[in-house]
Amino acid sequence: DVGDPTGIDGRRALYEPLAWRYRCDVGNPSRLQTLLERALAAQSVQLAAKPAQRELWEALAEAEVETYLAHLLRRYAFDSARAEGIMEAMRGEWEGHSLARRRYLAWSGARGGAAALVRTNLDQDVAQKLMVEEMRRRSRWLAAKQAARELPPADYCFMPESHWKRPILLDLLISTALPDANIYWTAVPDERWLNAHAG
């Protein structure tokens with residue numbers, strides 16, 4: 001329960017103006033994290049949880065690549081709000097690519113877009129169009145190499161730096177649903193990887 005709890009079982013957040021109390025007796029609060037992890041792990045291995053896990057994986061990957069793209073756009077003097085439109089334009093193009101490969105495509109496209117921005121006298125609309133065309137061309141080339149089994153999973157992939165702080169939802173997905181943390185970056189979200197963790 002969130003609100004203004006009273007009594008001995010009330011809790012307050014350290015850094016936010018939030019207060020709560022547990023709806024049931026959890027025993028020693030220091031064991032709560034362990035109890036939650038066990039409960040989540042038990043739920044996670046059930047096949048009924050797999051569609052929700054895949055949906056979470058896809059949503060996290062989508063948000064990650066959009067954030068990365070917005071970062072690149074700012075770096076190359078584009079309006080970062082253009083990231084959403086570029087993501088929409090690329091949606092059908094890069095469905096078969098992993099998150100790390102989508103990040104590579106975003107990087108490659110942003111570099112091409114920056115060159116186009118200079119050539120077009122800072123016309124962001126034209127430069128964005130050329131950027132998306134470059135991303136599509138490269139995406140199709142990578143898809144053809146992948147279909148011909150000439151593309152190892154880690155090639156043309158951009159992973160975050162080692163000091164990158166993972167969001168808590170990603171930690172949860174990796175620890176309860178994926179057999180390996182790298183799969184989040186180098187595999188396309190599908191039931192095969194999630195079923196590897198099923199009971």
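How many aromatic pairs does the structure hold? The structure holds seven, where rings of Phe, Tyr and Trp (its six-membered ring) count as a pair if their centres lie within 6.5 Å. I shall return to them after an overview.

Good morning, colleagues. This is a predicted model, in which local features need pLDDT of at least 70 and side-chain atom pairs count only at pLDDT 80 or more, while totals for chains, interfaces and linings use all residues. Residues are numbered from 1 along each chain as its sequence is written, and side-chain values use heavy atoms, with hydrogens and water left out.

Let me begin with the overall architecture. The chain has two strands and eight helices, with helices taken as DSSP runs of H or I of at least four residues and strands as runs of E of at least two, numbered from the N terminus. Along the sequence, the order is β-β-α-α-α-α-α-α-α-α. Of the 199 residues in the chain, 33% are buried; buried means under 20% relative accessible area, exposed means over 50%, and partly exposed lies in between, with a 1.4 Å probe and protein chains only. If we consider contacts (heavy atoms within 4.5 Å) between residues at least 6 apart in sequence, 62% join residues at least 24 apart.

I turn now to the charged side chains. The count of salt bridges is nine, each being a side-chain nitrogen of Lys or Arg within 4 Å of a carboxyl oxygen of Asp or Glu. One of them joins Glu-62 and Arg-91, at 2.3 Å from N to O. Because Glu-62 belongs to helix H2 (residues 50-75) and Arg-91 to the loop between helix H3 (83-90) and helix H4 (99-119), this pair ties together parts 29 residues apart in sequence. Arg-91 counts as partly exposed, at 31% relative accessibility. Glu-62 and Arg-91 are also linked with Glu-88 in a network of salt bridges.

A further salt bridge is formed by Arg-103 and Glu-64, at 2.4 Å from N to O. Here Arg-103 of helix H4 is linked to Glu-64 of helix H2, 39 residues apart. Are these two residues buried or exposed? Both Arg-103 and Glu-64 are buried. In addition, the charged end of Arg-103 sits over the ring of Tyr-68, 4.0 Å from its centre; the rule asks for NZ of Lys or CZ of Arg within 6 Å of the ring centre and within 35 degrees of the ring normal.

The third example is Asp-125 with Arg-82, at 2.8 Å from N to O. Asp-125 lies in helix H5 (residues 124-147) and Arg-82 in the loop between H2 and H3, so this salt bridge ties together parts 43 residues apart in sequence. At 54% relative accessibility, Asp-125 counts as exposed.

Finally, I come back to the seven aromatic pairs. The rings of Tyr-104 and Phe-158 have centres 5.6 Å apart and planes at 75°, so the pair is edge-to-face; planes over 60 degrees apart receive that name, those under 30 count as stacked and the rest as tilted. Tyr-104 is in helix H4 and Phe-158 in the loop between H5 and helix H6 (168-177), so parts 54 residues apart in sequence are tied together. Tyr-104 counts as buried at 7% relative accessibility, whereas Phe-158, at 25%, counts as partly exposed. Trp-141 and Tyr-156 likewise form an edge-to-face pair, 5.3 Å centre to centre with 90° between the planes. Together with Trp-107, the residues Tyr-104, Trp-141, Tyr-156 and Phe-158 form one aromatic cluster. Thank you.
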